[in-house]
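Work through the exercises below with the sequence and the coordinates open, and try each task before reading its solution.

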Amino acid sequence: MNKELLKKEANTIRFLSADMIQKANSGHPGAPMGLADIAVVLSRHLNHNPKNPNWINRDRLVFSGGHASALIYSLLYLWGYGLEIEDLKEFRQLDSKTPGHPEFGHTKGIEITTGPLGQGVANAVGFAMAKDYTANKVNSETCKIIDHKVYCFCGDGDLQEGISYEACSLAGRLKLKDLVLIYDSNHITIEGDTAIAWSEDVAKRFEAQDWDVIKINGHCYEEIDKAFTKVKEATKPTIIIANTIIGKGAMELEGSAKTHGSPLGADIIKAAKEKEGYPTEPFSIDKEALDSFREAIKAGEERNHLIKQAPLPEQEEALKLLLNPDFSKIEWPNFSESSEMATRDSNGIILNAIAKATPSFLGGSADLAPSNKTELKDMGDFPKGKNIHFGIREHSMAAITNAMALYGTTIPFNATFFVFSDYLKPAARVAALTGIKNYFIWTHDSIGVGEDGPTHEPIEQLSQFRALPNFYVWRPADATENVEAWKKALEMNAPNAFVLSRQKLKTLKPKRDFGEVSRGAYIVKKREGATVTIMASGSELMPSLQAACYLEKMGVKANVVSVPCFDLFNEQDREYKEAVINPDTKVLAVEAARALEYYKYADDVLGMESFGASAPADKLFEKFGFTISNIKQRVSELIGVENRPVTINDCTL
């Protein structure tokens, strides 16, 4: 081990990071400087290929502390991933390749957008889970196509966030032996020493979660190397607790919270460089260090061919099917003969059809599979089967499946009650930001939850997720809409959520003459000379259709529009929108939620004004006005006609 070369490499990382942050006058130098020694040793153990960043058997490296992005960008430049010095000089600037927090798809070599603290820990668990599932599908005794490690840098803040408890608990339960958590234990957060708010024994915590625990001096090259060597033979997940000094090398600021989130200052950086005999000019690079880092290119090309024995034809075919899903083979269920069915039930049948035809499709629920109807029948349990038991861990479940979706060989779904989507909102937001094909199944969609009461009745969540850009929320009105929604969702490079009913809903006629489910909204009932349009989704569509029948007997012609995906309808051109919503009509929107977003199209909205109540569902729909009579009343008020009582013997829906 050439300690002098290692030191040069570590100083190159430290000073590149400090220079980037100083030039931007913004950033976090403390963690990159403290982790530099570990990073240079990890470079000698990491299996990756800068010229082929998508190599399927590469080690995954996750930076849960995304604020330490100067470290990531320094490494990507030094390894040869395509970043140049000019990119480092544009750190945190508009349209640069080096934004403040690393973003997947924006900068080559970034495995996932981690964002808020703790997300990356769960993402690493997701990568390790996807690795195990894939290995079980494609490896043989003679040839291991998939046998890599998943490394994750994390800090005190990541381990204080609750999501890390959830994710690491599951990782221990699943014995994810190829998962390595590198804990930068510098005992500093923004407000100062961690002792002001934290006193737990991290080693005992992870031992209790069935992890291997290795403690090292994070600045001792021999100890670091020994730890990375040891984890290659692990039989369970490993946490390397590295005691480090934040801002290592930052002169009088070394070890201080002042290095966490502020530039060091030009004078301190210059003095630090002089002390180490390093060129003082900003963005100077030690050539010997750079040449050593760039060995990653040659080593990476060689690692592409390290499989000792050629894979069997069936192994290659299995990997091909995982990497290239063929949705045309799905035998979609036909619900046209069903009189009524809860959309959570039809969704369960659909999930099974997709999973049966698609080897890469798998998922599970946060301990709610019987209620969510998400069990994949006769398909076994993870890691060899497709049913993942996430336990009651909504937040980590969503972040784990984000990573699984980006791994390359798995298409995941995750499920819970709609009201509990609040627990996983940060991960859903990252999925939207990144364009991750993650599928969220949210059942018990409205006041139809009934007796569970207002704590379990999702009122504002539909509006919340519809406000999220690049996130598509489906609330199908029946089983046939549910099928069409899934067909569209599987085509999209974005997260999709299915918000599904607990109660049975009548099945509409499958023929749809006036638009497409795949465009977000369409006319279910159209009348020439209509003076009003009623928009509705989910369980509110049927009473809206029935109200239109009564209105017609009263002499009021109404068009009825189903809105299975408000987000997709928003994206349609003006011509389609006006074909669905006649601009010459008054518009009433009906939804058992806040539904404020409908004012973009509607003159009046019949939605929820409170958090609901505890009672049977039918009583709640009556109490809060989602009835034929109240919809008829609201339309009458909207268009200024008398709401006359009428009788009706037949209503063709």
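Three exercises follow, on the chain as a whole, on a pocket and on a loop residue. The model is a predicted one, in which local features need pLDDT of at least 70 and side-chain atom pairs count only at pLDDT 80 or more, while totals for chains, interfaces and linings use all residues. Residues are numbered from 1 along each chain as its sequence is written, and side-chain values use heavy atoms, with hydrogens and water left out.

**Exercise 1.** Determine how the radius of gyration of the protein chain compares with the globule rule.

Solution. Begin with the secondary structure, which comes to 24 helices and 21 strands (DSSP runs, numbered from the N terminus: H or I of at least four residues for helices, E of at least two for strands). The radius of gyration, taken over C-alpha atoms, is 28 Å, and the globule rule (2.2 Å times the number of residues to the power 0.38) gives 26 Å for 653 residues, so the chain is as compact as a globular protein of that length. Along its principal axes, the C-alpha trace spans about 90 × 55 × 45 Å. Finally, 60% of the 653 residues count as buried (under 20% relative accessible area, with a 1.4 Å probe and protein chains only).

**Exercise 2.** Describe the lining of the second largest pocket by element and by class.

Solution. A pocket is an open set of points on a 1 Å grid over the protein atoms alone, where a 1.4 Å probe fits, with protein on both sides within 12 Å along at least five of seven lines; lining residues have an atom within 4 Å of a point. The volume, which is the space filled by probe spheres set on the points, is about 700 Å³ for the second largest pocket. Of its 43 lining residues, Asn54, Arg58, Phe104, Glu111 and Leu406 are the closest to the centre. Among the elements that give two or more residues are helix H3 (69-79) and helix H16 (394-407), but strand S1 gives the most, with 4 residues. By class, the lining has 23 nonpolar, 14 polar and 6 charged residues, where Ala, Val, Leu, Ile, Met, Phe, Trp, Tyr, Cys and Pro count as nonpolar, Asp, Glu, Lys and Arg as charged, and the others, Gly among them, as polar.

**Exercise 3.** Establish whether Asp178 is buried or exposed, and what its side chain reaches.

Solution. First locate Asp178, which sits in the loop between helix H7 (162-174) and strand S3 (179-185). With a relative accessible area of 6%, Asp178 is buried. Its side chain makes a polar contact (N or O atoms within 3.5 Å, one able to donate a hydrogen and the other to accept it; residues adjacent in sequence count only if both atoms are side-chain atoms) with the side chain of Lys131, at 2.5 Å.

Conventions:
Buried < 20%, exposed > 50% of the residue type's maximum accessible area, 1.4 Å probe, protein only.
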